[in-house]
Amino acid sequence: MRALEPLAWVGPAVLLIAVVVLWPVIEMIRSSFLKISRFGVVQGGNGLANYEKLFGEKDFADIMVRSVIWVVAVVVLTVLISLALAQLFNQHFPLRKIARWALIAPWAASVLMTAIIFKWMLDPEVGVINQLRMKLGLIDAMGGAAADQLGDASTAMPWLVFVAVFVSVPFTTYALLAGLATIPSDVYEAARMDGAGRLRTYWSITLPLLRPALTVAALINVMNVFNSFPIIWAMTHGQPGYSTATSTIFMFILKGSDIGESAAMSVVNFGMVIVLTVIFLKVSRWNKEVT
């Protein structure tokens with residue numbers, strides 16, 4: 001009986017994982033091989049037809065490439081900005097505590113609410129950003145007073161990336177701040193005694209010792225950004241056409257017309273997340289010892 005005692009502690013967690021994670025994944029994969037009406041009625045097996053239809057979509061390749069670019073752009077910018085902010089907030093300066101609390105605001109607010117606010121700010125007629133452009137004399141340079149920044153992919157995607165970075169930076173910064181707090185001060189003292197400058201110290205000491213926290217923060221961002229839905233949906237609905245849609249948005253759009261094809265897109269998404277995660281872990285050398 002004593003050998004079974006650990007099950008009393010592990011069992012509930014395993015059951016929760018099975019119900020919340022494994023079962024939906026199994027159902028998702030199973031649904032991708034079924035013919036399902038738009039009302040959710042299963043009409044029998046469909047073999048690989050859902051995947052064939054999905055891969056035959058003329059926008060599929062562009063959407064997948066855009067999804068990877070979206071993830072890379074948001075995560076790289078988020079990490080770079082967060083590294084700078086974490087280093088800044090790790091220093092002692094007046095009102096540092098207030099500045100740290102202020103940084104939480106974009107993270108604490110609803111992502112959907114933040115996206116809607118930026119959409120209003122970018123309104124071509126009454127948006128505050130458009131009004132500011134007028135006051136700064138930038139209207140002609142940015143397409144005129146009626147220019148819709150979210151109406152064209154060339155201007156909409158940078159704004160979508162900006163908002164995604166805006167809501168991702170607080171968590172990443174605090175994760176890196178936690179990592180900086182674990183670095184012993186005597187390491188920096190030894191570096192100063194050896195005559196290392198600030199840049200050399202940061203590159204050779206801070207970044208290597210910060211790698212565990214940086215890896216975790218970046219990995220969470222990769223998964224969150226790839227599966228991000230509220231920002232793009234609230235601001236552009238993936239339009240015009242599918243020019244601002246990522247795979248997650250495309251999956252949701254497909255659900256309205258073909259649930260089986262949408263399930264196939266979900267499986268592809270799931271695979272892409274795994275592939276991106278493996279690539280990231282390989283590149284980051286997460287299991288290498290810091291020397």
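These questions and answers walk through a predicted model of one chain.

In this predicted model, local features need pLDDT of at least 70 and side-chain atom pairs count only at pLDDT 80 or more, while totals for chains, interfaces and linings use all residues. Residues are numbered from 1 along each chain as its sequence is written, and side-chain values use heavy atoms, with hydrogens and water left out.

Me: How many helices and strands does the chain have?
Reply: Helices (H or I, at least four residues) and strands (E, at least two) are DSSP runs, numbered from the N terminus. Along the sequence the pattern reads α-β-β-α-α-α-α-α-α-α-α-α-α-α. The count is 12 helices and two strands.

Me: What does the C-alpha trace of the chain span along its principal axes?
Reply: The chain has 291 residues. Its C-alpha trace spans about 75 × 75 × 30 Å.

Me: What percentage of the residues of the chain count as buried?
Reply: Buried means under 20% relative accessible area, exposed over 50%, and partly exposed in between (1.4 Å probe, protein chains only). The chain exposes about 17,200 Å², by the Shrake-Rupley method with a 1.4 Å probe. Of its 291 residues, the buried share is 36%.

Me: Which helix gives the largest share of the largest nonpolar core?
Reply: A nonpolar core is a set of buried Ala, Val, Leu, Ile, Met, Phe, Trp, Tyr and Cys residues joined through side-chain atoms within 4.5 Å. The largest one has 44 residues, and Trp70, Val71, Val74, Leu160, Ile231 and Met235 have the most contacts inside it. Helix 3 (60–89), helix 5 (111–121), helix 7 (153–181), helix 9 (198–226), helix 10 (230–235) and helix 12 (259–284) each supply at least two residues of this core. The largest share, 12 residues, comes from helix 7.

Me: How many residues are in the other core, the one with Tyr51 and Phe60?
Reply: This core lies apart from the largest one. Among its members are Tyr51, Phe60, Ile63 and Leu254, and its size is 13 residues.

Me: Which residues does Val74 touch, leaving out those up to four places away in sequence?
Reply: Contact means heavy atoms within 4.5 Å. Val74 is among the residues with the most contacts inside the largest core. It touches Val161, Ala164, Val165, Ser168 and Val225.

Me: Which residues lie nearest the centre of the largest pocket?
Reply: About 490 Å³ of space lies in this pocket. Helix 7, helix 8 (185–193) and helix 9 each give two or more residues to its lining. Of the 17 lining residues, those nearest the centre are Gln87, Gln91, Tyr188, Arg192 and Thr206.

Me: Is Thr201 buried or exposed?
Reply: Thr201 sits in helix 9. Beyond its neighbours within four places in sequence, Thr201 contacts Tyr188, Ala191, Ala196 and Thr206. Its relative accessibility is 11%, so Thr201 counts as buried.

Me: How far apart in space are Ser228 and Ile249, C-alpha to C-alpha?
Reply: Ser228 is in the loop between helix 9 and helix 10. It is buried, because its relative accessible area is 13%. Ser228 and Ile249 are 21 residues apart in sequence, and the distance in space is 8.5 Å.

Me: Why does Asn269 count as buried?
Reply: Asn269 lies in helix 12. Outside its neighbours within four places in sequence, Asn269 is in contact with Phe226, Ser247, Thr248 and Met251. Asn269 counts as buried because its relative accessibility is 4%.

Technical notes. 1 Å grid on protein atoms, 1.4 Å probe; cavity = no way out; pocket = protein on both sides within 12 Å on 5 of 7 lines; lining within 4 Å. Points joined across faces, edges and corners; volume = space filled by probe spheres on them.
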